[in-house]
Amino acid sequence: MSKNSKVLNLKDKISGNEVDLSLCNLTEVPVRELALFPKATVVDLSCNNITSLPPEFCSLTHLVKVDLSKNQLTCLPDDLGSLSNLQHLDLYNNKLTVLPVSFSQLRGLKWLDLKDNPLEPDLAKAAGDCLDEKQCKQCASKVLQHMRALQEEVDHAREKRLLREKELERKREVKQREREAKEKEARKQEKAEEKEKRRKEYNAQMAALAAKEQQKKKNEQKKKKNRQAAADKKVVVESGPKPRLSLIGLLFKLLLLVLLGLAGVAAACRLTDLQKEAMCVPVNFAVDDGLLWAREQEGVVRQLVHNLSSAAKEFLQSSQTSK
């Protein structure tokens, strides 16, 4: 059967604002077709084989009265409360055990029949018998109260769950901040330790350089002292024999001058006209005695000359060594 034929058949079943689809062996509700007739506010779907209502059924907000009795409904859509204009709902002889929580939002509901459904005890107690018009109205009122209580419980449970989730989230954030703070402190401590390590290494390097410089200064001072000691020793060595050598030289010079003077006097007394003078007589006599003695002491003089020559050589050698 095509969509157009369905619409045509649905038109055939509309009378005023009522649509009679009872006893049509329906297994599902023709929601699309019903949506095309917003003026049809009363729908009779009783005595069919409908097992469930599609979610789209909740978009038929123009419905005021719906008869779903004597079907095979096991559940109702969660958004059933969206049917804000619904006032009359017949669910007699189905297989319902519970109603959706949104049922509490059907504030305009005035008539409800839930007889012959395997309802859970609390819901069955709230629904009552619904044997007449009055009881069905009471059923609507009490079931709405019951569902509102359930809605409050659900809302409260959801609120508690949200609060719990929020608290858990807050705790997670606190733990996250604590973990980040610890990580930050650990990084800070690590940087401080690294800085302290570098500082100690720098101080150790500076200390090593200072020690090296100190050792270098000590070595230089030691070398300076050694050079000074060597210089002092050299001065002592050089200055030690000098007085003796200089004294010998002085004596030698004096002796040479005396000899030269005596030789001059002797030469004057023997080679000039002064030899006849009285003052030259003893001189000539002494010269003659001296020459005689010299001839006799020739070996001693030679030895003396040899000693003088040796002393002169030693003096020259010591002078060259000190240089």
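**Notebook: two loop residues and a core**

I began with lysine 70, which is partly exposed at a relative accessible area of 41% (buried means under 20%, exposed over 50%, partly exposed in between, with a 1.4 Å probe and protein chains only). The model is predicted, so I kept in mind that local features need pLDDT of at least 70, side-chain atom pairs count only at pLDDT 80 or more, and totals for chains, interfaces and linings use all residues. Residues are numbered from 1 along each chain as its sequence is written, and side-chain values use heavy atoms, without hydrogens and water.

Next I looked up where lysine 70 sits: in the loop between strand 4 (65-67) and strand 5 (88-90). Helices (H or I, at least four residues) and strands (E, at least two) are DSSP runs, numbered from the N terminus. The phi of lysine 70 is near 55 degrees, positive in a residue other than glycine.

Then I turned to leucine 23, in the loop between strand 2 (18-20) and helix 2. Leucine 23 also has a positive phi, about 55 degrees, and is not a glycine. Is leucine 23 buried or exposed? I found it exposed, at 66% relative accessibility.

Last came the largest nonpolar core (buried Ala, Val, Leu, Ile, Met, Phe, Trp, Tyr and Cys joined through side-chain atoms within 4.5 Å). It has 39 residues, and among those touching the most other members are Phe57, Phe103 and Val143. Helix 2 (31-35), helix 3 (121-127) and helix 4 (133-239) each supply at least two of its residues, with the largest share, five, coming from helix 4.

I followed valine 143 further: leaving aside neighbours within four places in sequence, its contacts (heavy atoms within 4.5 Å) include Leu99, Phe103, Leu112 and Leu123.
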